[in-house]
Amino acid sequence: QLEESGGGLVQPGGSLTLTCVTSGDYSLHYWGIAWFRQAPAGRELVSCSTPGDDGPYYGDFVKGRFTTSRDNAKNTVWLQMNELKPEDTGNYYCAGTHGVCYDKWELFPHWGQGTLVTVSS
């Protein structure tokens with residue numbers, strides 16, 4: 001099970017931190033966890049981190065504004081989002097797969113319910 005939290009309303013230029021907590025069989029010692037967001041063209045990759053030393057990886061639009069981190073012992077992944085723009089508005093989902101990262105949402109079998117981020121003045 002994956003559960004996101006931390007979404008909300010923020011002004012342009014502001015910051016938010018999203019949290020994804022895993023439970024049950026989703027030990028972060030074995031799982032790649034990605035953040036996707038719902039865009040008009042479909043779900044796009046925001047970031048992805050693996051249990052090992054490779055990555056994290058970010059979508060091209062991030063351009064240094066977002067940082068993902070994880071604590072495997074706490075089964076928690078964070079997405080720190082800075083310099084938010086109105087076009088960052090949308091539902092953000094964490095997704096899990098075994099051990100690796102992909103840039104295609106179809107390759108992640110496990111999903112949270114999402115948390116809504118609204119960037120507006």
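Select Cys-20 and Cys-94 in this predicted model. The torsion about their S-S bond is 65 degrees, a right-handed link, and the two sulfur atoms lie 2.2 Å apart. Cys-20 sits in strand S3 and Cys-94 in strand S9, so the viewer should show a connection between distant parts of the chain, 74 residues apart. Both ends are buried: Cys-20 has a relative accessible area of 0%, and Cys-94 likewise has 0%.

Next, select Cys-48 and Cys-101. Here the sulfur atoms are 2.1 Å apart, again a disulfide, but the torsion about the S-S bond is -95 degrees and the link is left-handed. Cys-48 belongs to strand S5 (residues 42-49), while Cys-101 is in the loop between S9 and S10, so this bond ties together parts 53 residues apart in sequence. Cys-48 is buried, with a relative accessible area of 1%. A search of the whole structure gives two disulfides; counting bonded cysteines along the chain, their pattern is 1-3, 2-4.

Stay with the loop that holds Cys-101 and select Tyr-102. This residue lies between strand S9 (90-98) and strand S10 (110-111). Is Tyr-102 buried or partly exposed? Its relative accessible area is 34%, which makes it partly exposed. Add Val-100 and Leu-107 to the selection: with Tyr-102 they form a nonpolar surface patch, and the accessible area of the three together is about 230 Å².

Now return to S3 and show residues 16-22 together with S8, residues 76-81. The two strands pair in the antiparallel sense over six bridges. Leu-18 has Leu-79 of S8 as its bridge partner. On S8, bring in strand S7 (residues 66-71), which runs antiparallel to S8 and is joined to it by six bridges. Within this pairing, Phe-66 stands opposite Met-81. The hairpin of S7 and S8 has four residues between the strands; select Asn-75 to see a positive phi near 50 degrees.

Finish in the interior. Which residues have the most contacts inside the largest nonpolar core? They are Ile-33, Trp-35, Val-46, Phe-66, Leu-79, Met-81 and Tyr-92, in a core of 21 residues. At least two residues of this core come from each of S3, strand S4 (31-39), S8, S9 and strand S11 (115-119). A second core, separate from this one, has six residues, among them Ala-34, Cys-48, Ala-95 and Phe-108. Selecting Cys-48 there leads back to the disulfide with Cys-101.

Terms used: Residues numbered from 1 in each chain as written. Predicted model: local features only at pLDDT ≥ 70, side-chain atom pairs only at ≥ 80, totals over all residues. Heavy atoms only, no water. Patch = residues over 30% accessible without salt bridge, like charges linked within 9 Å, V, L, I, M, F, W, Y side chains within 5 Å. Areas by Shrake-Rupley, 256 points an atom, 1.4 Å probe, with all protein chains shown as cover. Salt bridge = Lys/Arg side-chain N within 4 Å of Asp/Glu carboxyl O. Buried < 20%, exposed > 50% of the residue type's maximum accessible area, 1.4 Å probe, protein only. Pairing = 2+ DSSP bridges. Core = buried A, V, L, I, M, F, W, Y, C linked by side-chain atoms within 4.5 Å. Disulfide = S-S within 2.5 Å.
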